2 protein chains.
Amino acid sequence: MNEKLIAVNDSTIAGIGRLARYFGFAEVMGRLFGTLLMSPEPMSLDDLAAQLEISKGSVSMNMRALERWGMAKEVWMRGDRKKYYAAEHDLWQVIRNVLSSRERREVELALQVLGDSVEKLQSAGNELSPEDRDLAEFYLERISDLQAFFTVAQMALETVLGSGESLDFDAVTKIEIA
Amino acid sequence: MNEKLIAVNDSTIAGIGRLARYFGFAEVMGRLFGTLLMSPEPMSLDDLAAQLEISKGSVSMNMRALERWGMAKEVWMRGDRKKYYAAEHDLWQVIRNVLSSRERREVELALQVLGDSVEKLQSAGNELSPEDRDLAEFYLERISDLQAFFTVAQMALETVLGSGESLDFDAVTKIEIA
DNA sequence: CTGTACGTTCAAAATGTTTTGAACGTAGGG
DNA sequence: CCCTACGTTCAAAACATTTTGAACGTACAG
């Protein structure tokens, strides 16, 4: 294969590895995804292990993670009992998969915890000393800021998730904050 | 201090620590930020080390990082030679600081690398065998998808960064993709 | 000038994460 | 029914990150 093609392949894979790390995934996972994305043909576990020079065990585990994230799909090759994988190459789909299974949970959890805190502070009511009452007041303000923050995040998220094909930014535009 | 207030303080700080980790920062950094955010008064390094039960060295290093990220500010207390810190409590400001000094660079770098790849592929021109020519074609398609992706990210980023006070989602709405 | 109360630094230790590879399970070909 | 070519698992090893604390520098009070 041509040297320049190899260079392009390498830097793309490295870049996607970097990006994966950025998004909180294992870097190898990103490199596996990148390798598949830059392959015209599906690849077997051994192909992947060979190309990235990592152990087969690692490939196996990371590929299953990629599958769970909806970033790669198994491809059946007739007359071959190896497993072959292909990358989900619609990047918007990938983003939607990740946002919906990970970020959404995270935001909901945060809002949940904040809501609980507000309740707790309100229920603390009159068992508080005067100083503590001021502090509770202060906490409520800060927590309200955090709630506003996560609520906007949630709206943006749901808007992106609700968008079809390639990301529809017109819809995102409709979000407003009080 | 009232038990419920302590519980709220703790869970908020833990949550912000978690969030920090999510954003690729050290968790302690997040807890330091959270501690300051939930404190009505600025706090000294020793205060912070005591409250979080971590070493002073760690506090010192992490606070400087927080300062660099524009997430905390030094506050001068007259008649005291300790350093006091307060959190930047405008969360939109914090987000803008982070996006502008970190994500922006990242996106620009990615687009840079992708552009270089396109050039390289085009310059590879006729030194390619027929198979390699097909592969180059394929690479160009995939890279073009990546470019589209990062370009939208860049637009979204710049729009958020250009927004004033609290995030203006109307502006974000204006972004469209081809 | 001296002592003290601080902040900073950084090497070593503790801790956490990733990677490996050998052991194992399994299905399908012969 | 065995043998082989695979995929999976997981404990141990390699590696990376974070935390600590002792050593150090500095500035200020007395």
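Q: Which kinds of residue make up the surface near DNA strand D: how many are nonpolar, polar and charged?

A: Start by sorting the residues by class. In this predicted model, the surface near DNA strand D has five nonpolar, six polar and six charged residues.

Q: Which residues come nearest to DNA strand D?

A: Look along both chains here. There are 17 residues around strand D, and Gly57(A), Ser60(A), Ile54(B), Ser55(B) and Gly57(B) come nearest. Helices H3 (45-52) and H4 of chain A, along with H4 of chain B, are the elements that give two or more residues to this surface. H4(A) gives the most, with five residues.

Q: And which residues are closest to DNA strand C?

A: Ile54(A), Ser55(A), Gly57(A), Ser58(A) and Gly57(B) are the closest, out of 17 residues that surround DNA strand C. Two or more residues come from each of these elements: helix H4 (56-68) of chain A, and helices H3 (45-52) and H4 (56-68) of chain B. For strand C, H4(B) gives the most, with five residues. By class, the surface near strand C divides into five nonpolar, six polar and six charged residues.

Q: How do I read the packing of H3(B) against H4(B), and at what angle do they meet?

A: Take the angle and the axis distance together, then turn to the residues. H3(B) and H4(B) pack at about 115°, and their axes are 9 Å apart. The crossing is right-handed. On the H3(B) side, the contact uses Leu45(B), Asp46(B), Leu48(B) and Ala49(B), while H4(B) brings Lys56(B), Val59(B), Ser60(B) and Met63(B). That contact comprises five nonpolar, one polar and two charged residues.

Q: What is the strand order of the sheet in chain A?

A: Read the order from one edge to the other. This open sheet of three strands runs E1-E3-E2, with antiparallel pairing. Strands E1 (43-44) and E2 (72-75) of chain A stand at the edges with a single partner strand each, so one side of each has no neighbour in the sheet. E1(A) is joined by two bridges to strand E3 (residues 84-87) of chain A. Ser44(A) has Tyr84(A) as its bridge partner in E3(A). Helix H2 (residues 27-37) of chain A packs on the sheet, touching E1, E2 and E3, and its direction makes about 90° with that of E3(A).

Q: Where in chain A is the pLDDT below 50?

A: Begin with the whole chain: chain A averages a pLDDT of 91, and 92% of the residues score at least 70. The pLDDT is below 50 over residues 168-178 of chain A, a stretch with 32 contacts in the model beyond near neighbours in sequence. Where pLDDT is low, predicted coordinates should not be read in detail.

Methods: Residues are numbered from 1 along each chain as its sequence is written. Chains are lettered from A and ligands numbered from 1 in the order in which they are written. This is a predicted model: local features need pLDDT of at least 70, side-chain atom pairs count only at pLDDT 80 or more; totals for chains, interfaces and linings use all residues. A residue is near a molecule or strand if its C-beta atom, placed from the backbone, lies within 6 Å of it. Helices (H or I, at least four residues) and strands (E, at least two) are DSSP runs, numbered from the N terminus. Ala, Val, Leu, Ile, Met, Phe, Trp, Tyr, Cys and Pro count as nonpolar, Asp, Glu, Lys and Arg as charged, and the others, Gly among them, as polar. Axes are lines fitted to C-alpha atoms, for helices over the stretch in contact, and angles run from 0 to 180 degrees between N-to-C directions. A crossing is left-handed if the near helix is turned anticlockwise from the far one by less than a right angle, and right-handed if clockwise. Two residues are in contact if their C-beta atoms, placed from the backbone, lie within 7 Å. Two strands pair if DSSP finds at least two bridges between them. pLDDT is the predictor's confidence in each residue, from 0 to 100.
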